[in-house]
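Got the model open in your viewer? Here is a short tour, with something to select at each stop.

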Amino acid sequence: MTLAIAPSETSPEASSETSPAPLSDLVARDAREFGAYARTGGWAFGLMVARSVRPGGQGADETPKVSAKEFAELAGCSAERVMRYYKAWDRAADDGLVPQFEALTPGQEVELPDADVWLSYYVSRNSATSERGTAIAEAAEAEGIRPTKALEVAENPTALRAAILADPSTARAARQALLDRVREDPELQSELARDVVRTDDLKKAVATESRAADRIGYVRQIAESGQIKTPAGQTVDAPADLRQEAERHLSLLDELEDDEDTGEWATEAYDTMKTLVVEAVEADPELRVQERRTKFYSSLQKATKVFEELTFDDAQDFYEDDMVQQLEELQQAIGACITALRGARTNQPQE
């Protein structure tokens, strides 16, 4: 860790006026310590702890090292802070990056890893031992990363927020993580839903995406099931060419990248299939008649339900002449309808 400072070389031709002032020992010491820390980062402090604090199970009479509590008192800091360095060194020693505690003696110098590796082992707080920390560590291991990395991010949400705001790739990773989490967290589902409906831009975006998803679902249903739903609500087998067209549109939709806008493609596919369904109904005489029959029954049932909901118990309170007039006109229309249906029945060919 000690860096040798090369002696200053001065040209013989340099005048006394341009000769540099003698190098201060204090400046040189600062430069050496700065250089050592720039290369090693927290490893420098980790080594101080590792070579001076005795490991668990070792008695005071077996080593000149002291306890973490004694070391902290000498350093003027907390024992918890000392133990964080101790545990970071211990994890690195398990991975073979640094020597084990037992192999170190006070004052011993060893080659230290690069500074940027330190944060992979050092946890700034004792979160790793909490229930929350344990859950984070397990999730990190499942993702194939060091638990210390995930714990460090969890302990600094402001830094996480800054990264999400500044970096699109981080934002995408955060979005995917939230989607994975929300499937198993009903409370988070409710919170996100409230956030969406309270934010006009998000609410509009959700409505647009929902409409696109419904339209894609319509095309997918035809392509995968081979059935269509007519305007009157009948479910019938789709003609072969219609189903092929649905499969073609679905293939185009499935090939879109995640960041592409599906709305325009979904609308085109949906409108095309709707038109083809109407044409298919009109091209089949039997289906066309059945479609009109279905529409008639649907309208008749709706009209009957509406009329049945009318009540006249307190008609005297709201009676007006035009009400009676409308009902009389309705009665005439119903009579004409009945006459037309009876005539159609009479004109049907006898078997």
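Before the first stop, a word on labels: helices here are DSSP runs of H or I with at least four residues, numbered from the N terminus. Keep in mind, too, that this is a predicted model.

**Stop 1: the second largest pocket**

Select helix H14 (285-308) and helix H15 (321-347), each of which supplies at least two residues of the lining of the second largest pocket. Which helix gives the most to that lining? H15 does, with 10 residues. The volume of this pocket is about 600 Å³. To find the middle, show Ala-303, Phe-307, Leu-327, Leu-330 and Ile-334, the closest to the pocket's centre among the 23 residues that line it. Now colour the lining by class: you should get 19 nonpolar residues, four polar ones and no charged ones.

**Stop 2: the largest pocket**

Next, move to the largest pocket, which holds about 1,300 Å³ of space. Bring up helix H6 (131-143), helix H7 (147-154), helix H8 (157-166) and helix H9 (168-182), since these are your landmarks: each supplies at least two residues of the lining. H9 gives the most, with eight residues. The lining comes to 25 residues, and Ile-136, Ala-139, Ala-177, Leu-178 and Arg-181 lie nearest the centre. Try the class colouring again: 16 residues of this lining are nonpolar, two are polar and seven are charged.

**Stop 3: from Leu-178 to Leu-188**

Keep Leu-178 on screen, one of the residues nearest the centre of the largest pocket, and add Leu-188, which lies in helix H10 (residues 186-197). The two leucines are 10 residues apart in sequence, and their C-alpha atoms are 9.1 Å apart in space. Is Leu-188 buried or exposed? Buried means under 20% relative accessible area, and Leu-188 has 16% relative accessibility, so it counts as buried.

**Stop 4: H11 and H13**

Now select helix H13 (residues 263-283) and pick out Met-273 in it. Met-273 has a relative accessible area of 0%, so it is buried. Add Arg-215 and draw a C-alpha to C-alpha distance: you should get 9.9 Å for a pair that is 58 residues apart in sequence.

Then go to Gly-217, in helix H11 (residues 200-225). With a relative accessible area of 33%, Gly-217 is partly exposed. Draw another distance, this time to Ala-266: the C-alpha atoms of Gly-217 and Ala-266 are separated by 9.4 Å, with their positions 49 residues apart along the chain.

**Stop 5: a helix crossing**

Hide what you have and show helix H3 (residues 68-75) with helix H4 (residues 79-94). They pack at an angle of about 115°, and their axes are 8 Å apart. How are the two helices set relative to each other? Angles of 65 to 115 degrees count as roughly perpendicular, so H3 and H4 are roughly perpendicular to each other. Turn the view to look through one helix onto the other, and check the hand: this crossing is right-handed.

**Last stop: a covered helix**

Finish on helix H2 (residues 43-52), which is mostly covered. How many of its 10 residues are buried? Eight are. To see them, select Trp-43, Ala-44, Gly-46, Leu-47, Val-49, Ala-50, Arg-51 and Ser-52. Arg-51 and Ser-52 are worth a click as you go through the list, as both are among the buried residues of H2.

Technical notes:
Residues are numbered from 1 along each chain as its sequence is written. This is a predicted model: local features need pLDDT of at least 70, side-chain atom pairs count only at pLDDT 80 or more; totals for chains, interfaces and linings use all residues. Side-chain values use heavy atoms; hydrogens and water are left out. On a 1 Å grid over the protein atoms alone, a cavity is a set of points where a 1.4 Å probe fits but cannot get out, and a pocket is an open set with protein on both sides within 12 Å along at least five of seven lines; lining residues have an atom within 4 Å of a point. Grid points are joined across faces, edges and corners, and a volume is the space filled by probe spheres set on the points. Ala, Val, Leu, Ile, Met, Phe, Trp, Tyr, Cys and Pro count as nonpolar, Asp, Glu, Lys and Arg as charged, and the others, Gly among them, as polar. Buried means under 20% relative accessible area, exposed over 50%, partly exposed in between (1.4 Å probe, protein chains only). Axes are lines fitted to C-alpha atoms, for helices over the stretch in contact, and angles run from 0 to 180 degrees between N-to-C directions. Angles under 35 degrees count as roughly parallel, over 145 as roughly antiparallel, 65 to 115 as roughly perpendicular and the rest as oblique. A crossing is left-handed if the near helix is turned anticlockwise from the far one by less than a right angle, and right-handed if clockwise.
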